[in-house]
Amino acid sequence: MDKIVSLAKRRGFVFQSSEIYGGLNGCWDYGPLGVELLNNLKQSWWRAMTYRDDIEGVDASILMHPRVWEASGHVANFTDPMVDCRQCKARYRVDVLMDELNTKKKKDVLRELYPGEFDGQQPDERIASEFAARIAGDEATAKALTVIACPNCGTKSSFTEARQFNLMFKTFVGPVEDSNNVVYLRPETAQGIFVNFLNVQNASRQKLPFGIAQIGKAFRNEINTKNFLFRTREFEQMEMQYFVKPGEEDRFFEYWRGERMNWFLSLGMKPEHLQWHKHEKLAHYAKAAFDIEFKFPFGWGEVEGIHSRTDFDLGSHEKFSGKAMKYFDEQSKEKFVPYVIETSVGASRSFMAFLCAAFDEEMVEGEMRTVLRFHPSLAPMKAAVLPLVNRDGMDDIARSMTRELQKHFRVFYDDSGAIGRRYRRQDEIGTPYCFTVDSQTLQDRTVTVRERDSMQQERIAMDAVKEYLLTRIHP
Ligand code: GAP
């Protein structure tokens, strides 16, 4: 992870937010290459999700009517229990604190709370399952907190009582900062879709089943941010709500699970780096929920959730707003609130997953080569154009070729340093193709193309370069 974070900073993918002031926890800035990668990722999602007949796009505002968040349940329930260490003032999310205890510490807690029961040798799995079963519920958790040591300063019995902390950022509209003027920075983009369900349906004349997709910023005042872009306070989501007739939700749930897994695979992720996680504990309105998890360097972590949400959201907005959210089915002449299948993926979190999946180091002729093996459609730079030497007109040809290609793709021109060094600099940022203009180009207008992963070279006509890139970027 350290290598990836350091490469991300050095080559301009991701910088700490407000770095010259010491940074702002949980916020990151995308640099010149990062913004390209992020845009390509979002574009790829947008293409996959909306370049089809049954899905429309929206871009709703970040600030919404505060009743939206009452209807969605976020005001009452979007909370995490947290505790502070009285000694060192470190703050923890209780569930994370519990999750991160290793087996030995879990055993210590069980021994203290259940004297005599855990004195012998027990297999790790038994400790894990006993811990999960016994340290469940508020009372048991409160007891466990009295014997767990603070991970930061090591003091025992130093935690405050757990308090519920709402993760929504609050602000005010207009000049008066009172409770009548409270608004929230949206903690998910989904509600901007639900409140526009009928607007979109009427405007686009869509019939069930159909979906609405949105990409946008979301904000959560996370108690602990961690692991680079994995859990941040400002991030971007790519969400799609698919509206179906009640009774058809299971079929479409399976369909969207398949589609979303395929999206990651189509962008070059290896099947062994992805897995499904089924939610056993479901929100009261949910029928089913699965996460797609990616194998990050620090372990498996969720990148996308696929949720079968029944008619909870639209039904709730109907109650809170007093406006009907029903769909009229012309065939059956029935009016009903549709059921929803949601796909929800973090743009920033999957950015990090694709960065981790792409990172590789290998020995080539006695030297370490760092390479980002991005799928060409995600790569920030699609190609580099390199004159072998800066004379005999090679640089002029390379420059004019660059200008031509830049009408269609992000392309980098580089004429400084030995050709091998220039290839390595492109490998390190994941540029899939390098076109080199050499003395043969002057005679027959061909260039060499060097492929990043295999490092194989072949000669192609200069006039064929645009087509060569097009067919590989969007196969
Ligand atoms: N509308 C459903 C929803 O928001 P979620 O599981 O809370 O579901 C969906 O979030 C996705 O958003 C996650 O799978 C993750 O990729 C991303 N995400 C959530 N919280 C995040 C955070 N604090 N930082 C970065 N990404 C986050």
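A polar contact is a pair of N or O atoms within 3.5 Å. With that cut-off in hand, the ligand makes a good place to start in this predicted model. A nitrogen atom of the ligand sits 3.3 Å from a polar backbone atom of F230, and this pair falls within the 3.5 Å limit. Side chains take part as well: an N or O atom in the side chain of Q237 is 3.0 Å from an oxygen atom of the ligand. For E302, the distance from a polar side-chain atom to an oxygen atom of the ligand is 2.6 Å. On its own the ligand has 560 Å² of accessible area, and the protein covers 90% of it.

Around these contacts, the wider shell comes into view. The ligand is surrounded by 19 residues, and E188, R220, T232, E239 and E302 are the closest. Sorted by class, the shell holds nine charged, five polar and five nonpolar residues. Three strands each contribute at least two residues to the shell: β10 (234-244), β13 (299-308) and β16 (339-346). The strand that gives the most is β13, with four residues.

Turning to the helices, the axes of α2 (residues 32-50) and α13 (residues 347-358) come within 10 Å of each other, crossing at roughly 110°. Angles from 65 to 115 degrees count as roughly perpendicular, so α2 and α13 are roughly perpendicular to each other. On the α2 side, the meeting residues are G34, L37, L38, L41 and K42, while α13 brings A347, S350, F351 and F354. The residues of this contact comprise six nonpolar, two polar and one charged.

Two details of the backbone also deserve a friendly pointer, and both belong to loops. The first is a peptide bond: from L208 to P209 the bond is cis, with omega near -5°. P209 is placed in the loop between α10 (197-204) and β9 (210-219). The second concerns N227, a residue other than glycine whose phi is positive, near 55°. N227 is found in the loop between β9 and β10, and β10 is one of the strands that supply residues to the shell around the ligand.

Notes: Residues are numbered from 1 along each chain as its sequence is written. This is a predicted model: local features need pLDDT of at least 70, side-chain atom pairs count only at pLDDT 80 or more; totals for chains, interfaces and linings use all residues. Side-chain values use heavy atoms; hydrogens and water are left out. A residue is near a molecule or strand if one of its heavy atoms lies within 4 Å of it. A polar contact is a pair of N or O atoms within 3.5 Å; within protein, one must be able to donate a hydrogen and the other to accept it, and residues adjacent in sequence count only if both atoms are side-chain atoms. Accessible areas come from the Shrake-Rupley method with a 1.4 Å probe; for residues, only the protein chains shown count as cover. Ala, Val, Leu, Ile, Met, Phe, Trp, Tyr, Cys and Pro count as nonpolar, Asp, Glu, Lys and Arg as charged, and the others, Gly among them, as polar. Axes are lines fitted to C-alpha atoms, for helices over the stretch in contact, and angles run from 0 to 180 degrees between N-to-C directions. Angles under 35 degrees count as roughly parallel, over 145 as roughly antiparallel, 65 to 115 as roughly perpendicular and the rest as oblique. Contact means heavy atoms within 4.5 Å.
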